[in-house]
Amino acid sequence: MLPVAICMAQQPFMYKYTIEDGLPYPEIDFISFTKSGEAWVRYSSGEALSRFDGINWTHYRLDELGLPLGLAFLSDDEFGVWFTCRFSDKLWLVCLTPAGEWKKYEIKLRCWLYFDPSDGRFTLMDAHFFSYKYDAKTDLFLRSDKPAYALKEMQDSVFYYLSNTADGSPYAAFKTSENTYLYRYGEDFQYSFISTAPDFKPIYISGKTISGLFWKNGQLQWWDGKMAKPIVVTLPTGRKGKQVRWSNLNYWGRKRNLSDPNALIVEDPASGIFYLYAIENNGSTRLLLSHLPKDIFWSAIAQDKHGHWWCGTSSGLVRTNQSQLVFNETTPGMVTGLHAINEDLVGNIWMGGYTGSGGFTVFDGDKLQRQIFGNQSMPVLPGPCHSASGTLYFFVEAPWGMIAIRNTQLIPIYIPINENGNPAVGFFFQPLRNGLIALGLVGEGLGIATEDGGLISSIQTIGKEKGLLLDNVLTVSEDGGGRLWVGRMSQGVAIYDPQRDTAITWLRSPDVPNSIGAMASCVDENGTLWLGTNDGIRLLRNARQFDYLHENLFDRLEKIPMPGAAEQRVHFLKNTEQYLVAGTPEAVYFFDKKYHGRRPRIFSMKFGIDIAGGGAEQNAVLLDSKGFLWIGAQEGATRIDLSQLQFDTSATSLVLTDFRAGDEPVPIIEHDLGRLPGSKRNMQFSFSPSGNDRLKDNLFYDVLVVRDGGDTLFRRISTQQKDGFQIDHLPYGDYTLQLVAYKHNVLSGQVAYHFRVPRLLSENPWFWAGLFFLLTGTPFAIFYQRKRHQAALEKSKRERDGLKIQALASFFNPHFINNSLNWVQSRYRKDPQTTALMGRLADNVDILYSNTQFGRAHHALSQEMKLVKNYLKIQQVRFGEALTVEYDVPEELGQFDHFSVPAMLLQIHAENAVEKGIRMGTGVGRVAISVRPEVAGCRITIEDDGRGRPFEVLRKNGDREGSTSVMDNLIKLLNSYNKEPITQKYEDHVFDHPERGAHGTRVHIFIPKNYRYEFS
C-alpha cells in the first residue's frame, strides 16, 4: 500500500458506524477480518460479538449463547470462524461453524497460541513444545506425537510466552532471573539480552539477528540486535511528533499474535492531530493515517482485504479510504461555500468559495494556503476554466463580473455586454478548439470570447435574436462539428451553429413529452453528447450528425437510469479515460466505459457514506494534470485518486430468511416452500444478501411473485428493502418468488423459490361447473337421453354423428364459464367493476343455455360476436391498459342474424389470442377482429401481437389440444355433411421487432353461405 501524503489541511475520508447503525455498544476495542472480507468486532464490555458483511450487521450476545465473555476473532478455515479469550491460565477457543452452530473448547493445559508457517493454521503449544491442532473427526485438539522443538534445558528458566513476529515467524521466550532468551521455532537459534528491557517485543527475525521494540523512560525504543535507539517521528508538517503509545496493526491475511505491537500512534503537539505510523524492519516509520479519532483503541486498528483501515473507538467503528483526501470547509485556511475548482500551469489547485468573504484557497499538493486579494468580498460562482493561454477564469459577484488569474496574480476583467454597461457575468466557461472561449452568461444567453495577450478582450453574445431562448446558460459543450450545445436546468436545451450563426432551442414544458433542461454536459471521445438533466442523464449518440433543423432533440435523446434513483438532478459531468462521472445531490456515479453489457455498469459513491459532503455542487469538478479527480460538494472538496479507486464487482448470494402465510411460519427447504396453508392468503417474507467484500451496501433488488403462466401479482423494482414485504391476498395457483440483485446497475445474483396456494371450495371450477349443470342439466339430460334412445333404435350414422356434435358442443359450455368465474372469484372485492363483469358473464351464460336447451351446436354470427365482445371486455378489465381490442365489423350486425356459425368458434380463437399469446408475451397486447361478408359466405380474421404459437407446436404440424382440438373435430364432422367446408388457416409470426423478434398470430376463417348444421 502506497503511503498518502497527509498534512494538517486534509485527511482521508472517514465514515463512522455507531449505535444508530444498530451496534449494541459504542466502544469497540478489537476488529479483524475473515478471508472472505467480513468484519468481526469486539466491544470493551466483552458481552457481544458483531459480524458485518457490508450489508447486514449480525450481533451475538455471548451470555445468551453460553459462551465466554471477551471473545476476539482469531482466524477462519474450512471448519468455521474461530475466536479466543484467556482468563488467568484458562484458554478458551470457540468456533462458529458454517452451519451456524457455536462450539466451545476449554483448553485446560497451559498453552500458547501461534500460527504455524507450514500450513497457516493457528496452533496450540504447551511448555514442553508439544503442539495441538484441531481434528474435525474427533472434534478435539490432538497432541503431536513428538515435540516440535527440542530445547536445551536451562537452569532456573521459565517458559515466558510463545508468539509470532510481525512477519509471521514464530518464536519462544524464556526468562531467567537475569535474562530473557528468545528462540526461533524450528531452528538452532538463541539470543539473550539484558534484563533492563523485560517488555521487549520482537518485530523481525532475520537469520540470527532479532530486532524489535521496548518501552523505556516513556519512549518507544528500537533494538536492532546490537543497540537501542529512540524512535523519532517527523510529521508532514515538519514538526516532531509526540509518542502516544504503540499499537497493534491487524493486517488482513497476516498471521500474528493478537498483542504484539508493530505501529506507533503519534500526536502533533501544535494541532493535537493524531497520526498512525507503521514501524519498518529497520526501526524507521511510515505514515499510514492522519486525523485518527482521539478516542481510538490502540488494539483496534485493522486493514481489510482491499487495503482500507478500520479503527475501533469509544464511540463507534471508523472506516477510512486512502484514495480520497477531504478538504473540509471547517479546516483552517479552507474557503466556505465552495463553488469552483481550477488548476493553474504549475499544478496548484484553486478552490473558490461563495460564502463569507469568498475568495480562494490554493493547494500545492502538500498544504493549503488562503489567497487574499485586498479587502473586498469576492463570492466565486460556478463553472471556471483554464484557457489555452494558461489563464484561469472565474465568474465572481463583484463589479467586474469575472476575474483572471495569471502567475498567482488576480486581474479583474470588466467587459460591458449591453447598452446599460452591465459587466459580463455568468456560470460557465468552456475553451473551444479554435482558441475562443464560450461563456454561459446571465440574462444574455451565450457568449463567445476572444483573448488578447492571455486575457479576454471582447465578447460576442448570442441570444434570442438568433434563436437562443435560454435566459441563463449553465453549461456548454462542443461537438465534433464545432456546434455548441447549451442548457439551463429550468428552461431546456439549445444548439448554436457558428457556421450558420443560428441557434435552435428545445424548451422544457409540461406540455412537451420527454422535455428536459440541462445543467451539465460533455462530449466524449466517441462523439456522444451527455446531458445532466433535471431527471437523470440523457445522451445523444454521434451528436455532430444530428439534424437540428428537421429533428426533435427530445425524441432522439436516450435516458440512462442511475441505480435506484433515475430521477435525480445531475449537477456535473466529467469525462475521464475510464469513467463518465456524474454528480447528483445523493451520490457521485462512475459510468464504466470499458464495460459492454446489456445494462451499463454504473459505480456509485454516496455522499456522507462513501464520499464526504452533502451533495454535488454545480459543475464543481476537475480532472487535474496528475490524474486526480476533484469533486466539489457542500461542505468542501474531495480529491479522488482514480488509480486507487476500486469498486466491488463480486457476485451476490440471496437467501430467503423468513416466509409466513398469515401468522404461520413456512419451512424454507432449499428453493421449494411447498403447499401453503389453504385459508391463509396474506404473505410476509424477508431475504438477506451476502457477498459485498468491500463492506459497502450498494445493492438494489427486484422482487416479484409470478404465477405459473406469467401473471405477476407482486412487484417491487429497484428497491433497497430486504425485509417486511407483505402481500394481502393471493388467489390459488402455483407461484415463484423471484429475487434479483443488481450491483452497480448490472445483474449480480438471483434466486427463485416455488410455492403453491391451494384452492378454496369457492375457487374450485368443478364447484361452479356442478352448480351450472345443476341449473341447466335437466333439459340437457332429457335432450341427451332422447338422442341416445333414437340412436339405439335407428342405429343411424347421422344420429350418432349428431350426438357427437352435441357432445363436442357441450364441451365449451363450462369451459368459458369456469375460466371467467375462476378469475372473477379471485378478483372479487365488492367493487363496481365486478358488478359489470357479472352482467356480461350472465349474457354469455344465457346464450350458452339457449343453445343447450334447443340442442344446437350453432347460432347466429351476431350472437357469437356478442359472446366474444363480452369475453374481451372482461379481459380488458382484468389486464387493464395491457390489452387493447380493435373491431372491424359492419355497423349493422343484424344482417348476420340468419348467418350461422359453430357456437364458440370465434370465442375459442379470441381466448387463445389472450391466454396463449398476449398473456405469455411482454408489454401491451392487441387483439383485432375483422368480419367481411362475401358472395360465397363470410370471411373472419382474428389477429394478436402476442408471443405467437411456440415453435414446438409448429414442428408438430400445428396439432392443437384442449378446446381448439375439440372445435377442430366438430368442424371436421360438420364438414363431412357439407359440399363447401368451413376452413381455418393460421399465419404464424406475422410481426417482427428488433427486440421482441418474430411474434403474433393471425387466424383466417371462412364460413360458406349455405352451410348446413342439421342432418339428423
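## Strands β61, β64 and β65

In this predicted model, strand β61 (residues 699–707) runs antiparallel to β64, and 9 bridges join the two. To find one of these spots yourself, look for D702: its bridge partner in β64 is V740. If the word "pairing" is new to you, strands of a sheet pair through backbone hydrogen bonds, either parallel or antiparallel.

Strand β64 (residues 733–743) also pairs with strand β65 (residues 746–757), again in the antiparallel sense, over 11 bridges. Here Y742 has L747 in β65 as its bridge partner. β64 and β65 make a hairpin with 2 residues between them, and H744 in the turn has a positive phi of about 60°. As for how covered β64 is, 9 of its 11 residues are buried.

## Charges over rings

Y742 turns up again when you look at side chains: the charged end of R599 sits over its ring, 4.2 Å from the centre. A similar arrangement involves R245, which lies over the face of W298 at 4.1 Å from the ring centre.

## Aromatic pairs

How many aromatic pairs does a search of the whole structure find? The count is 47. Take W82 and Y105: their ring centres are 5.9 Å apart and their planes sit at 35°, so this pair is tilted. W82 belongs to strand β7 (residues 80–87) and Y105 to strand β9 (residues 102–107), so the pair ties together parts that are 23 residues apart in sequence. Are W82 and Y105 buried or exposed? Both are buried.

Now try W485 and W506. Their ring centres are 6.5 Å apart with the planes at 15°, so this pair counts as stacked. W485 is in strand β43 (residues 484–488) and W506 is in strand β45 (residues 502–507), so parts that are 21 residues apart in sequence get tied together. W485 and W506 are buried too. Elsewhere, one aromatic cluster is formed by F659, F685, F687, Y701, F714, F725, Y735 and F755.

## Strand β42 and its hairpin

The strand that holds W485, β43, is joined to β42 by 4 bridges, and the two run antiparallel. V476 stands opposite V486 in β43. β42 and β43 form a hairpin with 5 residues between them, and G482 in the turn has a positive phi of about 80°.

What about the two faces of strand β42 (residues 475–478)? Both are covered: T475 and S477 are on one side, V476 and E478 are on the other, and all are buried.

## A pocket that β42 helps to line

The second largest pocket has a volume of about 750 Å³. It is lined by 26 residues, and those closest to its centre are F428, F429, Q430, P431 and K574. Several strands give two or more residues to the lining, among them β42, β38 (426–431), β50 (572–575) and β54 (616–623).

## A four-stranded open sheet

Back towards lower residue numbers, 4 strands form an open sheet in the order β2-β3-β4-β5, with antiparallel pairing. Its edge strands are β2 (28–33) and β5 (57–61), each of which pairs on one side only. From one strand to the next, the twist averages 20°.

Zoom in on strand β4 (residues 48–52), which is joined to β5 by 5 bridges, with the two running antiparallel. Which residue in β5 does A48 stand opposite? That would be R61.

Key: Residues are numbered from 1 along each chain as its sequence is written. This is a predicted model: local features need pLDDT of at least 70, side-chain atom pairs count only at pLDDT 80 or more; totals for chains, interfaces and linings use all residues. Side-chain values use heavy atoms; hydrogens and water are left out. Rings of Phe, Tyr and Trp (its six-membered ring) pair if their centres lie within 6.5 Å; planes under 30 degrees apart count as stacked, over 60 as edge-to-face and the rest as tilted. Buried means under 20% relative accessible area, exposed over 50%, partly exposed in between (1.4 Å probe, protein chains only). A charge sits over a ring if NZ of Lys or CZ of Arg is within 6 Å of the ring centre and within 35 degrees of the ring normal. Two strands pair if DSSP finds at least two bridges between them. Axes are lines fitted to C-alpha atoms, for helices over the stretch in contact, and angles run from 0 to 180 degrees between N-to-C directions. On a 1 Å grid over the protein atoms alone, a cavity is a set of points where a 1.4 Å probe fits but cannot get out, and a pocket is an open set with protein on both sides within 12 Å along at least five of seven lines; lining residues have an atom within 4 Å of a point. Grid points are joined across faces, edges and corners, and a volume is the space filled by probe spheres set on the points.
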